[in-house]
Amino acid sequence: MPDPGVAIVGATGAVGRTMLAILEERNFPLSSLRLMASARSAGRVISTRWGEVSVEDLATADPAGIDIALFSAGGGRSREYAPGFATEGAVVIDNSSTFRMVSEVPLVVAGVNDHALAAHEGIIANPNCTTMALMMAAGPLHRRAGLSHMVAMSYQSVSGAGMTGMDTLWNQTAALSHQREALVQGGWEATEQPPFPRPIAFNVVPLAGGMAEDGHTDEEWKLVNETRKILERDDIAVDPTCVRVPVLVGHGISASMWFDSPLEVDAALNVLEKAPGVEIWDDARVATPLDSAGRDPVLVGRVRPTIGAPGGISLWVVGDNLRKGAALNAIEVAELLL
């Protein structure tokens, strides 16, 4: 493919802005750049390394001439506009959940299942940011030993809910920081909660996403279904719990995994040390969301044998959900297309 014409759809959102920054950092070889968003942002001029670019109104934008469209504008807009972009010849790399479980749409984690790209018909899906980080470790281990069962607990930052999530945490923290005694003894004054069901500042909310079937949230079902699709094994048993934590950026996942054959810690570490996009942090360093923020690699630590049901591996994974969890993966997929 010659240098492509690239569009970022949802260019003024948290992920869209990160997409632009990563395109610039990686000196992505594009022939033209277009930025699109809702009518509210249309006309805004953004400085890029390719010059000043005026934001277009997605509702009226003409997709002709676009070769790669990076979508991060929400599921509704992806559903409405992505097929039209694909019909006009663009390859859409979509960050929403709209197409992830559509059978003919590849669900790709760059560096884990690149081969799935060959089957695309104009639309490629980015996984959920929590699934994405976990698959960077689970994928290589699955190739080595065959993943059969996993218990995964996520600790998801508020940026998973976009700029609104980050603003909510920041504002609630300021409001509650004057209520130290009440936070310790009870009696704190409630603050605005949306987009979370309970206050997030100085707190942990054990319900990320909206309620779905069997008492699990849609975030938890994404972890189940997307894991199976990416690893191409429908019988992987996944028991998830997704938790929202008062962190601005960086999703952490604690996972215990069992395989078709027992896997020793040394063998697991040998696999993970060779895995693309993964950094091993030993127990002396302790990888945290703050360490992952602004970094491309996913950090893996606390690798140890399972105790209650021997033969498996427990580990901790943390990654920047705006980068590898969303924007970076989309651009890595675009690079694979080139």
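Here are a few exercises with worked solutions on the predicted model above.

**Exercise 1. The open sheet**

Work out the strand order of the open sheet of 7 strands, and find which strands lie at its edges.

*Solution.* Start with the order: it reads S3-S4-S2-S1-S5-S6-S7, and the pairing is mixed. Next, look for strands that pair on one side only; these are S3 (45-48) and S7 (123-125), the edge strands. From one strand to the next, the twist averages 25 degrees. Now zoom in on the S3 edge. S3 pairs with S4 (residues 51-57) in the antiparallel sense, over 4 bridges. To get the register, take Val45, which stands opposite Ser54 in S4.

**Exercise 2. Helices on that sheet**

Find which strands H2 and H9 touch as they pack on the sheet.

*Solution.* Take H2 (residues 75-87) to begin with. H2 touches S1 (5-9), S2 (32-37), S5 (68-71), S6 (91-94) and S7. Compare directions and you get about 175 degrees between H2 and S5. Angles over 145 degrees count as roughly antiparallel, so H2 runs roughly antiparallel to S5. Then do H9: its strand contacts are S5, S6 and S7, and its direction makes about 155 degrees with that of S6.

**Exercise 3. H1 against H9**

Describe how H1 and H9 cross, and say which residues make the contact.

*Solution.* Two numbers come first, because a packed helix pair is described by the angle between the axes and the distance between them. For H1 (residues 14-25) and H9 (residues 323-337), the axes come within 9 Å and cross at roughly 50 degrees. That angle makes the two helices oblique to each other. As for handedness, the H1 and H9 crossing is right-handed. Now list the contact residues:

- H1 brings Val15, Thr18, Met19, Ile22, Leu23 and Glu25.
- H9 brings Arg323, Ala326, Ala327, Leu328, Ala330 and Ile331.

Sort them by type and you end up with 9 nonpolar, 1 polar and 2 charged residues.

**Exercise 4. H3 against H7**

Do the same job for H3 and H7: which angle, which hand, which residues?

*Solution.* The axes of H3 (residues 129-145) and H7 (residues 265-274) are 9 Å apart, and the packing angle is about 120 degrees. H3 is therefore oblique to H7. Next comes the hand: H3 passes H7 in a right-handed crossing. On the H3 side, the contact uses Ala137, Pro140, Leu141 and Arg144, and these meet Ala267, Ala268, Val271 and Leu272 in H7. By type, that contact splits into 7 nonpolar, no polar and 1 charged residue.

**Exercise 5. The surroundings of S10**

Is S10 largely enclosed or open, and which strands pair with it?

*Solution.* Count the buried residues in S10 (residues 251-259): 8 of the 9 qualify, so the strand is largely enclosed by the rest of the structure. Then look for partners. S8 (residues 147-156) pairs with S10 in the antiparallel sense over 8 bridges, and Ser154 faces Ile253 in S10. S13 (residues 313-319) also pairs antiparallel with S10, over 7 bridges. Here, Gly252 sits opposite Val318 in S13.

**Exercise 6. Placing Trp221**

Decide how accessible Trp221 is and what it touches.

*Solution.* First, locate Trp221: it's in H6 (residues 218-231). Its relative accessibility is 23%, so Trp221 counts as partly exposed. Leaving out residues up to four places away in sequence, Trp221 touches Ala212, Glu213, Asp214 and His216. Finally, check a C-alpha distance: Trp221 and Met211, 10 residues apart along the chain, are separated by 9.9 Å.

Methods
Residues are numbered from 1 along each chain as its sequence is written. This is a predicted model: local features need pLDDT of at least 70, side-chain atom pairs count only at pLDDT 80 or more; totals for chains, interfaces and linings use all residues. Side-chain values use heavy atoms; hydrogens and water are left out. Axes are lines fitted to C-alpha atoms, for helices over the stretch in contact, and angles run from 0 to 180 degrees between N-to-C directions. Angles under 35 degrees count as roughly parallel, over 145 as roughly antiparallel, 65 to 115 as roughly perpendicular and the rest as oblique. A crossing is left-handed if the near helix is turned anticlockwise from the far one by less than a right angle, and right-handed if clockwise. Contact means heavy atoms within 4.5 Å. Ala, Val, Leu, Ile, Met, Phe, Trp, Tyr, Cys and Pro count as nonpolar, Asp, Glu, Lys and Arg as charged, and the others, Gly among them, as polar. Buried means under 20% relative accessible area, exposed over 50%, partly exposed in between (1.4 Å probe, protein chains only). Two strands pair if DSSP finds at least two bridges between them.
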